[in-house]
Amino acid sequence: MKIFDVVVIGGGPAGCAMALDLNRRGYDVALCDQAKFPRDKVCGEFISPGADPILEWLGVLASIEALAPKRLKGVAISSYESAELEIDYPVSTETGLRPSSLSVPRYQLDALFLKQVQNAGVKVFEQHKVTDFIFDDDCVAGVHGWDENKTSFSLQAKLVVDAGGRNAVSLRKFNLKQEGNGKIAFSAHWQGVRLPDDYCYMHVSRPGYTGISSVGNGRANVVLVVDRSALDGKKAETLYHNVLMSNCRRCEMLQGAERVEPVRSVESLAFAVKPVPCGGLVLVGDAMGFIDPFTGEGIYLSLRSSQIAGEVIHAGFQNSNFSRKFLSVYNARRQEEFGDKFLLSRVLQWLIYNRPFCNGVMKRLSTNRVLAETLVGVIGDILPAKKVVSMKFLLRLLSTRRGANGQ
Ligand SMILES: Cc1cc2nc3c(=O)[nH]c(=O)nc-3n(C[C@H](O)[C@H](O)[C@H](O)COP(=O)(O)OP(=O)(O)OC[C@H]3O[C@@H](n4cnc5c(N)ncnc54)[C@H](O)[C@@H]3O)c2cc1C
């Protein structure tokens with residue numbers, strides 16, 4: 001049987017970025033996805049501006065731009081029904097311009113990504129569900145699964161990358177998932193939403209928050225995240241509509257608009273992942289853990305974590321070493337790069353569910369544009385998280401004095 005250099009499980013952003021990266025480095029790569037593309041995915045669908053250079057490097061940005069996608073100027077936040085505070089991404093010191101974030105339906109984005117992978121020469125197996133691993137001693141050496149005809153298949157490889165998302169086969173097989181917050185998210189596209197400008201509109205209020213942004217063609221994506229307990233036997237659609245309309249700011253935007261598809265949901269949002277207990281296996285993207293989508297950077301994190309993994313895997317090939325210890329360098333580098341960002345996400349999670357603090361911080365941000373744009377720059381992955389994960393920034397955020405810039 002043919003032995004691939006690498007088999008990638010999953011054709012979402014993480015798996016496609018991984019396959020393209022390794023293909024460029026000259027490796028013989030196969031990618032399996034259980035779905036037939038195009039397929040949909042519950043997501044806020046806006047991509048941090050920090051992802052643009054990676055998408056360009058992977059050769060996908062031009063085809064995304066060819067769709068004439070929506071681009072957003074930043075984030076507009078409303079705290080407990082206050083007027084939305086529109087915050088632009090900060091001016092880039094390199095270009096002197098303000099970056100923007102892509103807002104593209106995943107149905108289109110992921111299909112386009114997979115096409116790029118196929119065009120690059122990666123062997124793509126759609127409708128191939130991986131159910132188990134092949135082992136050589138204590139190292140993963142390939143995958144087993146079922147195709148669309150319920151025929152079993154096996155692929156051997158020197159290394160396997162699991163990019164299977166939040167329900168990745170590795171998480172089940174090795175019991176790696178550490179359940180996080182009991183949240184549930186609902187999403188649907190709407191027609192005719194009255195959005196004042198090109199921002200991602202985040203409305204924070206009880207019992208959760210929403211993200212509303214235009215995705216082009218007159219459509220907007222409306223995502224709601226609430227505690228799992230809010231469902232309490234109610235029908236998903238009823239809860240979704242009732243909560244959306246219970247906030248006067250949202251209600252204004254959605255009045256007269258029409259939902260154009262069924263409401264989709266995904267449970268138990270944030271979770272952490274224990275280290276992989278064997279060699280020959282690397283996890284990327286959501287399979288590596290998931291932070292609550294309030295800051296909306298999962299796609300960037302997936303792309304960037306695949307880039308880091310690509311460097312470590314390349315070093316593994318050069319050293320003929322795919323041991324657990326060697327590959328753990330990837331985990332360490334990922335944590336080093338994203339540790340502050342994960343911490344910021346946890347702080348923001350706490351903040352948005354604490355009404356007095358949330359209102360206080362929003363008031364502060366409204367009087368200090370530099371502070372506000374710095375925060376949004378970090379969230380958009382264009383500024384390093386250490387800029388805001390500091391006592392100095394925290395004190396400035398909680399201070400009641402007006403900004404030194406007089407705003
Ligand atoms: C409510 C919500 C809102 C979000 N909003 C945003 C946002 O606005 N911006 C942002 O950047 N991120 C957002 N995210 C996060 C983002 O969606 C994820 O981080 C991103 O999709 C992760 O990509 P991935 O490739 O790791 O996984 P996925 O996109 O989930 O892809 C995994 C792929 O693996 C395949 N697969 C799974 N198991 C198997 C198997 N056993 N065999 C074969 N194939 C398999 C699946 O079919 C799928 O195609 C949001 C997430 C949620 C839940």
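How many bridges join β9 to strand β10, and which way do the two run? Let's start there. This is a predicted model, by the way, so please keep that in mind throughout. The answer is 7 bridges, with β9 and β10 (residues 139–146) running antiparallel. If you want one pair to find on the screen, take F135, which stands opposite V140 in β10. The two strands make a hairpin with 2 residues between them, and in that hairpin D137 takes a positive phi near 55°.

Keep going along the chain. β10 also pairs with strand β11, residues 152–162, again in the antiparallel sense, over 5 bridges. Here G142 stands opposite Q156 in β11. That's another hairpin, with 5 residues between β10 and β11, and K150 in the turn has a positive phi of about 65°. A quick general reminder while you look at these: in a regular strand, side chains alternate between the two faces of the sheet.

Okay, let's zoom out. The protein chain has 12 helices and 20 strands. Its radius of gyration is 21 Å, and the globule rule gives 22 Å for 407 residues, so the chain is as compact as a globular protein of that length. Along the principal axes, the C-alpha atoms fill a box of roughly 65 × 45 × 40 Å. Of the 407 residues, 47% count as buried. And if you take contacts between residues at least 6 apart in sequence, 73% of them join residues at least 24 apart.

Now the domains. There are three pieces to keep track of: domain 1 (3–69 + 104–179 + 270–341), domain 2 (76–102 + 354–398) and domain 3 (183–267). The C-alpha centres of domain 2 and domain 3 are 23 Å apart. Where they meet, 9 residues of domain 2 are in contact with 10 residues of domain 3. On the domain 2 side, strand β5 (residues 74–79) brings the largest share, 4 residues. By class, that side has 4 nonpolar, 2 polar and 3 charged residues.

So where does the ligand sit? Domain 1 and domain 3 both give residues to the shell around the ligand, so it lies between them. That shell has 41 residues, and the closest to the ligand are G12, G44, G165, G285 and G298. Sorted by class, the shell has 21 nonpolar, 14 polar and 6 charged residues. Which helix or strand gives the most? That's α8, with 4 residues. Several other elements supply at least two residues each, including α1 (13–24), β2 (29–33) and our friend from the start, β9 (129–136).

β3 (46–47) is on that list too, and it brings us to an open sheet of 3 strands, in the order β3-β7-β4, with antiparallel pairing. The edge strands there are β3 and β4 (70–72), each pairing on one side only. β3 pairs with strand β7 (residues 101–103) over 2 bridges, and F46 stands opposite S103 in β7.

A few single residues are worth clicking on. First, G280, in the loop between β19 (271–273) and β20 (281–283). Is G280 buried or exposed? It has 24 C-beta neighbours inside 10 Å, so G280 counts as buried. Outside its neighbours within four places in sequence, G280 is in contact with C139, V140, A141, L159, V160 and F322. You'll recognise V140 as the residue that F135 stands opposite.

Next, two cis peptide bonds. One runs from F37 to P38, with omega near 0°, and P38 is in the loop between β2 and β3. Another runs from R206 to P207, with omega near 5°; P207 is in the loop between β14 (199–205) and β15 (208–216).

Last, a pair of residues with positive phi that aren't glycine. N175 has a phi of about 50° and lies in the loop between α5 (169–173) and β12 (177–179). D381 has a phi near 60° and is found in the loop between α11 (369–379) and α12 (391–398). Their surroundings are worth a look. N175 counts as exposed because it has 10 C-beta neighbours inside 10 Å. D381 is buried, with 26 other C-beta atoms within 10 Å.

That's the tour, and I'm happy to go back to any of it.

Conventions:
Residues are numbered from 1 along each chain as its sequence is written. This is a predicted model: local features need pLDDT of at least 70, side-chain atom pairs count only at pLDDT 80 or more; totals for chains, interfaces and linings use all residues. A residue is near a molecule or strand if its C-beta atom, placed from the backbone, lies within 6 Å of it. Ala, Val, Leu, Ile, Met, Phe, Trp, Tyr, Cys and Pro count as nonpolar, Asp, Glu, Lys and Arg as charged, and the others, Gly among them, as polar. Domain bounds come from an automatic or database domain assignment. Two residues are in contact if their C-beta atoms, placed from the backbone, lie within 7 Å. The radius of gyration is taken over C-alpha atoms; the globule rule is 2.2 Å times the number of residues to the power 0.38. A residue is buried if 20 or more other C-beta atoms lie within 10 Å of its own, exposed if 12 or fewer, and partly exposed in between; C-beta atoms are placed from the backbone. Two strands pair if DSSP finds at least two bridges between them.
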